[in-house]
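The exercises below are meant to be worked with the sequence and the structure side by side. Try each task before reading the solution that follows.

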Amino acid sequence: MIINSLLDYWKNISHQVAMKFPHYKSEMIWTWKNFKDDILSLKGRLGVEQTYVDLLGLSLDFESGETLDTIAGGNYPTDDLVGYLFYYSKAQEAEHSSLWVHYHQLTGTSGSVPGFKNKTTQVILETYSQYRERVIQVIEKLGGVLADYGDTAYILAPLPYFRLLLIFHDEDDEFPSEFRLLYNQHAIYYQPPEYLGVIASFSLSRIINLVSSYPKSPIR
């Protein structure tokens, strides 16, 4: 799909949502009840299973609409995942790419800022510096695949075809520790521009929270 057409496509989808719920506050729109049918259309599509969809160990059961945290245990609010899953249900599948880019290099993000603050990236860097092995364990439990960048790097897929690259550089005598977050160049096919930063922030926070909750919620 031509990129300009793709951006127009996402704008149209967002416009349809706004028109469907004209009297709702934006934060009240995203409920399982409102978007159940759209999310159920993911069954067997875009790498999703027939009976559930997983977002970083948060498994939404298609039949019940309930979400289980398969790592920390217990239920998780389904509505917190609805926006990501709705837009993923509208995604346009792209060919595989091995090219990674910064947020500002993604088509459609020019002039905008990520949906997360530098504080989020700073917190995950601090967490990694203090609990390196634990962070690695959590990322691997979330399906992260080891990559050959920096001192430690993982490819993480919050959704099956939506991938992020997390790169950690350890502190040494000359340079301080550093964290970089890159997107697969085709990320725009799977989430609209306004959600690219938001889902990345959600992913980093998920790692931080799982590490912070240990040993209360042990990684299994």
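**Exercise 1. Place Leu56 in the chain, decide whether Leu56 is buried or exposed, and describe its phi angle.**

Solution. Leu56 is found in the loop that runs between β1 and β2 (58–61), in a model that is predicted. The next step is the accessibility: the cut-off for a buried residue is under 20% relative accessible area, and Leu56, at 1% relative accessibility, therefore counts as buried. The last step is the backbone, where Leu56 has a positive phi of about 55° although it is not a glycine. Most residues other than glycine have a negative phi.

**Exercise 2. Carry out the steps of the first exercise for Leu46.**

Solution. Leu46 sits in the loop between α3 (32–40) and β1 (52–55). With a relative accessibility of 7%, Leu46 counts as buried. Its phi is near 50°, which is a positive value in a residue other than glycine.

**Exercise 3. Find out how α4 is covered, and by which elements.**

Solution. Begin with the count, which shows that 8 of the 8 residues of α4 are buried, so that the helix is mostly covered. The buried residues include the aromatic-named positions Tyr84, Phe86, Tyr87 and Tyr88, and among them are also Val82, Gly83, Leu85 and Ser89. Then look at what surrounds them: the cover of these buried residues includes the helices α1 (3–20), α3 and α7, together with the strands β1, β2 and β7 (152–159).

**Exercise 4. Describe the length and the surroundings of helix α7.**

Solution. Helix α7 covers residues 193–213, which makes 21 residues, and it reaches 31 Å from its first C-alpha to its last. This span is close to the 30 Å expected at 1.5 Å a residue. Turning to the surroundings, 15 of the 21 residues of α7 are buried, and α7 is therefore largely enclosed by the rest of the structure.

**Exercise 5. Locate Pro77 and His169, and state how accessible each residue is.**

Solution. Pro77 lies in the loop between β4 (75–76) and α4 (82–89), and at 45% relative accessibility Pro77 counts as partly exposed. In sequence Pro77 and Glu66 are 11 residues apart, while their C-alpha atoms are 7.8 Å apart in space. His169 belongs to strand β8 (residues 162–169), and with 22% relative accessibility His169 counts as partly exposed. Leaving out residues up to four places away in sequence, His169 touches Gly150, Asp151, Ser177, Glu178 and Arg180. Gly73 is 96 residues from His169 along the chain, and the two C-alpha atoms are separated by 31 Å.

**Exercise 6. Draw up an overall description of the chain, from its elements to its surface.**

Solution. The chain holds 7 helices and 9 strands. For 220 residues, a compact globule would have a radius of gyration near 17 Å, and the 18 Å of the chain agrees with this. Along the principal axes, the C-alpha atoms fill a box of roughly 55 × 40 × 30 Å. Of the 220 residues, 47% count as buried. Among contacts with a separation of 6 or more, 62% are made by residues 24 or more positions apart. The accessible surface comes to about 11700 Å², and 49% of it belongs to carbon and sulfur atoms. Finally, the chain has 18 positive and 26 negative charges, whose mean positions are 9 Å apart.

Definitions and conventions: Residues numbered from 1 in each chain as written. Predicted model: local features only at pLDDT ≥ 70, side-chain atom pairs only at ≥ 80, totals over all residues. Heavy atoms only, no water. Helix = DSSP H or I, 4+ residues; strand = E, 2+ residues; numbered from the N terminus. Rg over C-alpha atoms; globule rule 2.2 N^0.38 Å. Buried < 20%, exposed > 50% of the residue type's maximum accessible area, 1.4 Å probe, protein only. Contact = heavy atoms within 4.5 Å. Areas by Shrake-Rupley, 256 points an atom, 1.4 Å probe, with all protein chains shown as cover. Lys, Arg positive; Asp, Glu negative; His and termini not counted. Charge placed at Lys NZ, Arg CZ, Asp CG, Glu CD. Expected span 1.5 Å × (residues − 1).
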